[in-house]
Amino acid sequence: MNAPVPDLLPESTPPDGPYVGRSMQRVEDLRLLRGRGTYADDVALPGMLHAAMLRSSVAHARLRSVDATAARAMPGVHAVITATEIAGAPGAKVPTVPLRLQPLACMEPYRQPVIAQDRIRHVGEVLAIVVADSLALAEDALEAIEVDLESLPPVADWRSSAADQTLLFDNTSTNRGVTFTARRGDIDAAFGKATHVQRERFTIQRQAPVTMETRGVVADWDAVNSRIVVYGAAKVPYFNRRTSADMLGMKHSEVDFIEGDTGGSFGARGEFYVEDFLVPFAARHVRRPVKWISDRREDLMTMAQSRECEAEAEMAFAADGTILGVRGTAWCDLGAYPRTNGLIQPRNIAHFLTNAYRIEAVEFASHVQFTNKGPAGTYRAPGRSETTMFCERLIDLGARAIGLDPVEVRRRNLVTADDMPWHFASVTPSEPASTGVTEADSGDYRSTFERCLTEFDWAGKQALQGKRIDGRHHGIGVACFIEGGAAGPRENAKIEMASDGSVTLYVGSTSVGQGLETSLGQIAADALGIPMSALTLLHGSTTYLSEGFGSYHSRSTVMGGSAIIDAAGKFKQAVREAAAVYLECLADQVVLEGTQARSPRGRSISFAELARSEKIIVEGTFANHHHTWAYGAAAAHVAVDARTGHVAIVDYLVVEDVGRAVNPLLLHGQVIGGTVQGLGGAFLEDMIYDAEGQMITGTLADYLLPTATDFPQLRAITLEEYPSPINPIGAKGAGEGGTIVVAAVIANAVANALAEYGVNPTSLPLSPSKLWQMIETARAA
Amino acid sequence: MKVSFKVNGKPVATEVEPRTTLSLCLRDNLRLTGTHVGCEHGVCGACTVIVDGDAVRSCLTLAVQMEGCDVVTVEGLSDEAALSPLQAAFRRHNALQCGFCTPGMLTTAHALLSEEPNASVERIREVLSGNLCRCTGYLPIVEAVLDARAAYGGPAYQPADAGHGASHASAGAAR
């Protein structure tokens with residue numbers, strides 16, 4: 001076992017040749033390993049007060065009144081803020097959270113109020129904010145607030161949501177927010193000529209991203225300039241600054257969101273959470289800095305949950321194994337509100353049932369159902385993890401039904417280089433900014449599949465299928481995947497030469513722990529032709545650029561990196577033009593060598609000398625309306641103990657072609673880390689709500705994450721055979737691939753191991769108790 | 001209440017309420033914010049510090065219990081000049097991403113290797129299984145701790161063959 005050790009260089013040692021492609025040790029580690037990072041809770045400001053949120057303990061109710069009189073009178077309490085204070089005038093409504101991704105007009109009635117005003121729709125919804133001298137005093141005061149509410153029947157699952165007996169939102173006639181439908185080709189003709197149709201029902205459980213750092217916001221009211229500075233920003237500071245400023249009734253320029261170190265995201269930090277408004281509002285209200293840090297229970301209740309859905313899916317096969325079409329319906333339980341990103345999972349579920357395969361006919365509908373659970377959002381591989389499992393199970397089951405080897409069926413149907421650019425089904429409705437057309441950029445999906453089979457020794461492990469060794473049932477499984485990344489529309493970068501000649505680079509991308517300072521530093525150093533140690537890279541905060549986008553959809557390396565390359569080209573031209581005056585030659589004749597500019601006659605001027613009289617500052621941008629598509633395959637060898645339902649991973653291999661790996665060491669970390677996260681979802685993690693809409697799994701002792709002893713046998717191989725043609729780096733977004741394929745390959749391997757009982761895993765998690773039950777049921781049948 | 005103890009070799013005296021946890025005392029009173037609080041009920045391990053040689057959850061320990069104790073936090077694992085061998089191993093193996101769990105991983109591993117420099121891979125996994133990491137999948141953390149054993153007087157590190165003849169390949173085969 002090892003981490004890849006070749007090419008490990010400290011970032012201060014300039015390599016021979018380019019930085020890009022090298023396994024550089026991370027710049028950020030030097031502070032993080034010494035405990036010198038600055039996460040939200042590490043921010044401490046003079047005069048800072050502490051906020052605690054009063055959260056609903058019921059899932060669905062009419063809110064009659066919130067009486068904070070007693071709480072306000074308690075010592076150390078500075079303010080208790082309710083919907084009344086936020087709405088301002090009698091009869092006025094509190095602001096609601098806008099959709100960022102897929103901003104469909106039909107979502108208007110379903111938008112989340114920043115605080116419960118007349119209706120409560122999930123356990124954990126904010127009813128009031130207490131601001132006090134200490135967190136302990138604030139929490140004490142929560143208990144003195146009187147809430148008068150009238151219980152309403154909880155809508156605790158998608159079925160009761162779809163029944164529309166209890167409507168969750170005023171001015172609507174249904175709890176179904178929208179239905180996304182993917183269409184391609186002639187679906188009736190495809191199913192009409194099928195020799196076999198494989199039909200299955202799948203259920204995926206609700207999961208929680210669980211960042212190790214909980215959310216937190218520290219807001220500083222600047223009374224002199226009437227400005228607010230918000231710490232704790234992550235992932236999408238610019239969108240959240242605009243949203244918060246609009247809600248506060250302030251100019252965008254009067255609000256800054258500052259990014260510090262961020263303790264993980266996995267998609268979930270891409271939201272605008274109500275606290276991103278409530279805490280700045282509170283700071284302005286009390287005219288003091290205010291800190292709010294989520295505790296773990298609050299975080300499990302309110303941070304974007306995801307994945308929960310049920311689906312009926314059919315796959316039509318020709319006798320030779322050609323997949324003629326897929327169709328079906330999915331119902332996605334979005335919880336109480338769409339928030340900013342909630343529509344992505346249901347939209348992707350509609351879109352990606354075809355996975356990596358050349359399937360000409362598609363018709364798949366995905367319903368967005370609101371319930372009284374915590375609001376859902378994006379979680380690493382949103383919608384893709386789910387559909388990849390549906391697709392790959394259908395292939396295994398369908399192939400066996402028609403007497404073909406599932407591996408051969410995959411070979412026959414995988415998209416190859418000849419099929420590029422492969423067009424996916426189109427989805428309606430689509431967001432206004434989108435062209436609605438999605439196509440793969442490059443690749444040969446069969447080549448990663450073959451590589452995976454070879455490296456895994458699929459042929460050699462054939463004999464293991466269904467075999468009982470030492471009392472355990474052995475099985476192997478394989479599955480393919482595609483990974484979209486590099487979402488547009490743009491990213492921006494700025495490069496500045498300071499008065500001492502040092503180079504500072506600002507980029508709109510944000511770091512959520514993925515090593516952005518290192519990977520983008522590598523790209524920047526190459527593009528500028530200077531050592532990494534000679535430049536400073538600053539990212540995220542809204543003080544750096546007029547517009548930025550951030551990190552989501554595996555985009556930051558590709559989009560931020562490409563914007564940096566654009567800015568670097570402009571920067572070098574600006575330096576040449578400035579230097580030409582001093583070197584008495586034409587700008588085009590100036591040659592840049594590191595931080596020196598030279599003329600053809602051998603004269604030179606350093607950046608430091610140039611900076612004494614010249615101010616060089618340039619901006620670059622990269623716009624992109626197409627996505628990159630990394631792709632790959634994974635294979636697993638499992639051993640199932642039928643007496644306990646425990647599944648051991650004997651071997652697991654994932655192969656992914658990412659076009660170009662900027663820093664293979666960091667990429668490898670993303671793939672392995674993402675794989676273990678996916679294994680958590682496949683075996684352990686289950687966010688359970690009861691029939692009253694109460695969250696049952698409210699601690700990390702109840703919501704089980706993988707630990708160091710669970711999955712020690714994992715391998716990953718990264719390939720760079722098909723660089724992306726749509727960005728100057730050639731890289732494809734690749735932070736999610738490890739996660740996407742896990743549930744699919746595990747379900748196939750477990751089914752293979754338990755073939756003698758006919759166990760058919762179509763729902764997650766495959767926890768020991770559930771799998772044991774499935775085995776017992778199958779044995780009895 | 002006043003409590004006096006040693007932190008990272010230096011004597012400290014600070015005023016706390018009886019209910020103040022060690023994690024809060026370290027972070028707020030002493031501004032040692034490298035100790036992170038991830039769950040406040042002893043499950044995640046991010047807040048682990050070393051008290052008189054033992055790895056301890058500072059979120060489940062009261063500050064007043066520290067009277068006369070010797071506490072080491074992540075800030076005390078290395079000096080200004082260089083990373084400790086354990087920290088350097090974490091960096092080489094990319095054993096951290098977001099860095100939030102890292103202080104707890106480092107203190108837990110340091111306490112283990114100080115007592116058991118020959119700890120087997122199984123023993124290392126078992127001890128680290130009390131600390132949650134959501135980014136790395138644990139493999140590089142375990143590898144970094146194996147690599148660091150030599151610096152504590154344990155066996156020399158033997159990186160297994162990455163194998164597979166592939167660029168950027170790595171394996172997690174049994175050791």
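A residue is called buried if 20 or more other C-beta atoms lie within 10 Å of its own. This report applies that term to a predicted model, beginning with chain B and then turning to one strand of chain A.

**Chain B.** Of the 175 residues in chain B, 57% are buried. The chain contains five helices and five strands, which follow one another from the N terminus in the order β-β-α-β-β-β-α-α-α-α. Chain B has a radius of gyration of 17 Å, close to the 16 Å that the globule rule gives for 175 residues, so it is as compact as a globular protein of that length. Its C-alpha trace spans about 60 × 30 × 30 Å along the principal axes. Among contacts in chain B with a separation of 6 or more, 58% join residues 24 or more positions apart.

**Strand E18 of chain A.** Strand E18(A) covers residues 472-485, and 14 of its 14 residues are buried. Residues on both sides of the strand are buried: Ile476(A) and Val478(A) are among those pointing one way, while Ala479(A) and Phe481(A) are among those pointing the other way. E18(A) pairs with two strands, as the table shows.

| Partner of E18(A) | Residues | Sense | Bridges | Opposite residues |
|---|---|---|---|---|
| E17(A) | 468-469 | antiparallel | two bridges | Arg468(A) and His473(A) |
| E26(A) | 628-641 | antiparallel | 13 bridges | Trp629(A) and Gly484(A) |

E17(A) and E18(A) form a hairpin with two residues between them. In the turn of this hairpin, Asp470(A) has a positive phi of about 50 degrees.

Terms used:
Residues numbered from 1 in each chain as written. Chains lettered and ligands numbered in written order. Predicted model: local features only at pLDDT ≥ 70, side-chain atom pairs only at ≥ 80, totals over all residues. Helix = DSSP H or I, 4+ residues; strand = E, 2+ residues; numbered from the N terminus. Rg over C-alpha atoms; globule rule 2.2 N^0.38 Å. Buried ≥ 20, exposed ≤ 12 C-beta atoms within 10 Å, placed from the backbone. Contact = placed C-beta atoms within 7 Å. Pairing = 2+ DSSP bridges.
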